[in-house]
Amino acid sequence: MISYIRGELAALEKEKVIVDVGGVGYGIYMPGQAMALLPPTGSEVKIHTYLNVREDAMQLFGFLTRDDLEIFKLLIGVSGIGPKGGLSILSKLSPDDLRYAVLAGDVKAISAAPGIGKKTAEKLIIELKDKLDIADVLDHAIGNDSAPAAFSDSSIQSEAVQALVALGYGSTESLRAVKQVTLENPTVEGLLKEALKKLF
């Protein structure tokens, strides 16, 4: 219904911002990480929004990019996670970190968000894993340019990530380290060797 709001950033409150559009102040709930990236009050901002309509309230939730908004929509599509829960997760994890955590099955990272328990985090991972592909996530993380050869075979990456986890590294940090490696002719051993350098 309201795709985005462009106007003057009038105020920052604890969990939301006020954007003045033609003399009307819109209160928009935002993740803490996103609020920290906003320009000073008085600046013009464009915030991508999601309108949540309940019997007793209408609330706007806002994000700096369309990608952040799409991740939020995926989150609230998980049973048991409402808009406030989705906001809590995105205040703790960036969209890319959330992608890594889901694909790596990192329950601990997701349940670190306030109000998100272990069972909810496990359910989130199960429901979103099929909607996120490791190659897509890695491609997204390096931008929209054509992916390096290292990212052309997700099975090699998956094996490298699993090997790092077996060595005792966290699943999320392992996935992030593998993502940073670019090799022309990738092998599991080659990826592993280079990823280990990123972890030291």
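**Exercise 1. Strand pairing**

Which residue in β3 stands opposite Lys-16?

Solution. The structure is a predicted model.
Step 1: Find the two strands; β2 covers residues 16-21 and β3 covers residues 24-29.
Step 2: Strands of a sheet pair through backbone hydrogen bonds, either parallel or antiparallel. Here β2 and β3 pair in the antiparallel sense, over six bridges.
Step 3: Read off the partner: Lys-16 stands opposite Tyr-29.

**Exercise 2. The barrel and its helices**

State in what order the strands of the closed barrel run, and name the strands that helices α2 and α3 touch or lie across.

Solution.
Step 1: The barrel has five strands in the order β1-β2-β3-β5-β4, and the pairing is mixed. From one strand to the next, the twist averages 55°.
Step 2: Helix α2 (residues 66-76) packs on the sheet and touches β4 (44-53) and β5 (58-63). The direction of α2 makes about 15° with that of β4.
Step 3: Helix α3 (residues 83-92) lies across β3, β4 and β5, and runs at about 20° to β5.

**Exercise 3. An aromatic pair**

Classify the ring pair Tyr-50 and Phe-72, and say which elements the pair ties together.

Solution.
Step 1: The model has four aromatic pairs, counting rings whose centres lie within 6.5 Å.
Step 2: The ring centres of Tyr-50 and Phe-72 are 5.6 Å apart and the planes stand at 70°. Planes over 60 degrees apart count as edge-to-face, so this pair is edge-to-face.
Step 3: Tyr-50 belongs to strand β4 and Phe-72 to helix α2, so the pair ties together parts that are 22 residues apart in sequence.

**Exercise 4. Helix α4 and its partners**

Describe how α4 packs against α9 and against α6.

Solution.
Step 1: The axes of α4 (residues 95-104) and α9 (residues 171-179) come within 8 Å and cross at roughly 115°. Angles of 65 to 115 degrees count as roughly perpendicular, so α4 is roughly perpendicular to α9. This crossing of α4 and α9 is right-handed.
Step 2: In α4, Asp-97, Tyr-100, Ala-101, Leu-103 and Ala-104 meet Ser-171, Thr-172, Leu-175, Arg-176 and Lys-179 of α9. By class, this contact of α4 with α9 has five nonpolar, two polar and three charged residues.
Step 3: α4 and α6 (residues 118-129) pack at about 90°, with axes 9 Å apart; α4 and α6 are therefore roughly perpendicular too.
Step 4: Ala-101, Val-102 and Leu-103 of α4 make the contact with Leu-124, Ile-125, Leu-128 and Lys-129 of α6. The contact of α4 with α6 has six nonpolar, no polar and one charged residue.

Methods:
Residues are numbered from 1 along each chain as its sequence is written. This is a predicted model: local features need pLDDT of at least 70, side-chain atom pairs count only at pLDDT 80 or more; totals for chains, interfaces and linings use all residues. Side-chain values use heavy atoms; hydrogens and water are left out. Axes are lines fitted to C-alpha atoms, for helices over the stretch in contact, and angles run from 0 to 180 degrees between N-to-C directions. Helices (H or I, at least four residues) and strands (E, at least two) are DSSP runs, numbered from the N terminus. Angles under 35 degrees count as roughly parallel, over 145 as roughly antiparallel, 65 to 115 as roughly perpendicular and the rest as oblique. A crossing is left-handed if the near helix is turned anticlockwise from the far one by less than a right angle, and right-handed if clockwise. Contact means heavy atoms within 4.5 Å. Ala, Val, Leu, Ile, Met, Phe, Trp, Tyr, Cys and Pro count as nonpolar, Asp, Glu, Lys and Arg as charged, and the others, Gly among them, as polar. Two strands pair if DSSP finds at least two bridges between them. Rings of Phe, Tyr and Trp (its six-membered ring) pair if their centres lie within 6.5 Å; planes under 30 degrees apart count as stacked, over 60 as edge-to-face and the rest as tilted.
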